[in-house]
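Here is a request: turn the model around slowly and look for places where charged side chains meet, where nonpolar ones gather, and where empty space is left. The report below goes through those topics in turn.

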Amino acid sequence: MNKNDIPNDTLSALKKGMATLRESLPSEGLISEKEIRKAMQTKSAWLNKMVITECFTMPICALVFLGIFHATGMSMWLLATFVFFATLDTILDFRTLKISKKWILNDSMLELSEKLCKQKKERMWQTIIATSLVVPWIIWFVYEWLRHAIPGVTIPEEQFLWIWGIVSGVWLIVAFVIILYIYRRAQRINSEMIRQIGINNEPE
């Protein structure tokens, strides 16, 4: 069968159908991208809520520590270091943990993928540095706590070191578990968003 054998009304219907298909393709692409961006907003919500929660809980923790330190006579330098590094860490979290809604809605997919990859790298270094600072702070805190927690009670020196070591070890394990959970979940969220975009800028 050649072209001349096809009725004119059939050719017209085919041309109309092809035109409709071509017109529908761009809009379907836009809908798909909108759905991807909407899914990424939902996925990033946990990280963004955690950063906002930090802003409220950090001052509360500082006030609780202030009361404890004042009542027990623990070193105020310990409190000062907590406030300084916790504030710095919270500020950095707005860069390394929070995924801006503007990124998701306004950036191109390529730009968004690049930012998410860069954020993962910065978050890794922040976690390494923060963990290295948490370790001596916890050891120092436990030392001060054991020396001042119970007024009038002094732990014998021959028992103090191993009690200090055991209590510090327990708190360090708890801290590591929490840090590792947050870090791995945050990195996983970024990785899943990068896969959704389909443009991976991470080094092999």
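The side chains of Lys115 and Asp107 meet in a salt bridge, with N and O 2.7 Å apart. This is a predicted model, so keep in mind that such distances are computed from predicted positions. The two partners differ in how much of them can be reached from outside: Lys115 is partly exposed, at 31% relative accessible area, whereas Asp107 counts as buried, at 12%. The cut-off behind that word is a relative accessible area under 20%.

What makes such pairs possible? Side chains of opposite charge can pair when their charged atoms come close. How many salt bridges does the model hold? The count comes to four, and three of them are set out here.

| Pair | Closest N to O distance |
|---|---|
| Lys115 and Asp107 | 2.7 Å |
| Glu122 and Arg95 | 2.7 Å |
| Arg147 and Glu157 | 3.0 Å |

Look next at the pair of Glu122 and Arg95, which forms a salt bridge at 2.7 Å. Glu122 lies in helix 4 and Arg95 in helix 2, so this pair ties together parts that are 27 residues apart in sequence. Arg95 is partly exposed, and its relative accessible area is 46%.

Now find Arg147, whose salt bridge partner is Glu157. Because Arg147 lies in helix 4 and Glu157 in helix 5, the pair ties together parts that are ten residues apart in sequence. Both ends are partly exposed: Arg147 has a relative accessible area of 29%, and Glu157 one of 49%.

From charged side chains we can turn to nonpolar ones. In soluble globular proteins, nonpolar side chains tend to be buried together. Here the largest nonpolar core has 18 residues, and Phe65, Phe69, Leu78, Phe82, Trp137, Ile138 and Phe141 are the ones with the most contacts inside it. Helix 1, helix 2, helix 4 and helix 5 each supply at least two residues of this core, and helix 4 gives the most, with five residues.

Which residues does Leu78 touch? Leaving aside residues up to four places away in sequence, Leu78 is in contact with Phe69, Trp137, Trp140, Phe141 and Glu144. Apart from the largest core lies another one, of 17 residues, including Met40, Leu47, Ala186 and Ile189.

Empty space is the next topic. Rolling a probe the size of a water molecule over the atoms shows where empty space is left. The largest pocket in this model has a volume of about 1600 Å³. It is lined by 40 residues, and the closest to its centre are Phe82, Ala86, Asp89, Val134 and Ile179. Phe82, then, is found both in this list and among the residues with the most contacts in the largest core.

The elements that give two or more residues to the pocket lining are helix 1 (8-72), helix 2 (76-96), helix 4 (109-148) and helix 5 (157-197). Which helix gives the most to this lining? That is helix 4, with 15 residues. By type, the lining residues divide into 30 nonpolar, six polar and four charged.

One last stop is Met124, which has its place in helix 4. Met124 counts as partly exposed, at 29% relative accessibility. Between Met124 and Gln187 there are 8.6 Å in space, C-alpha to C-alpha, although the two are 63 residues apart in sequence.

Methods:
Residues are numbered from 1 along each chain as its sequence is written. This is a predicted model: local features need pLDDT of at least 70, side-chain atom pairs count only at pLDDT 80 or more; totals for chains, interfaces and linings use all residues. Side-chain values use heavy atoms; hydrogens and water are left out. On a 1 Å grid over the protein atoms alone, a cavity is a set of points where a 1.4 Å probe fits but cannot get out, and a pocket is an open set with protein on both sides within 12 Å along at least five of seven lines; lining residues have an atom within 4 Å of a point. Grid points are joined across faces, edges and corners, and a volume is the space filled by probe spheres set on the points. Helices (H or I, at least four residues) and strands (E, at least two) are DSSP runs, numbered from the N terminus. Ala, Val, Leu, Ile, Met, Phe, Trp, Tyr, Cys and Pro count as nonpolar, Asp, Glu, Lys and Arg as charged, and the others, Gly among them, as polar. Buried means under 20% relative accessible area, exposed over 50%, partly exposed in between (1.4 Å probe, protein chains only). A nonpolar core is a set of buried Ala, Val, Leu, Ile, Met, Phe, Trp, Tyr and Cys residues joined through side-chain atoms within 4.5 Å. Contact means heavy atoms within 4.5 Å.
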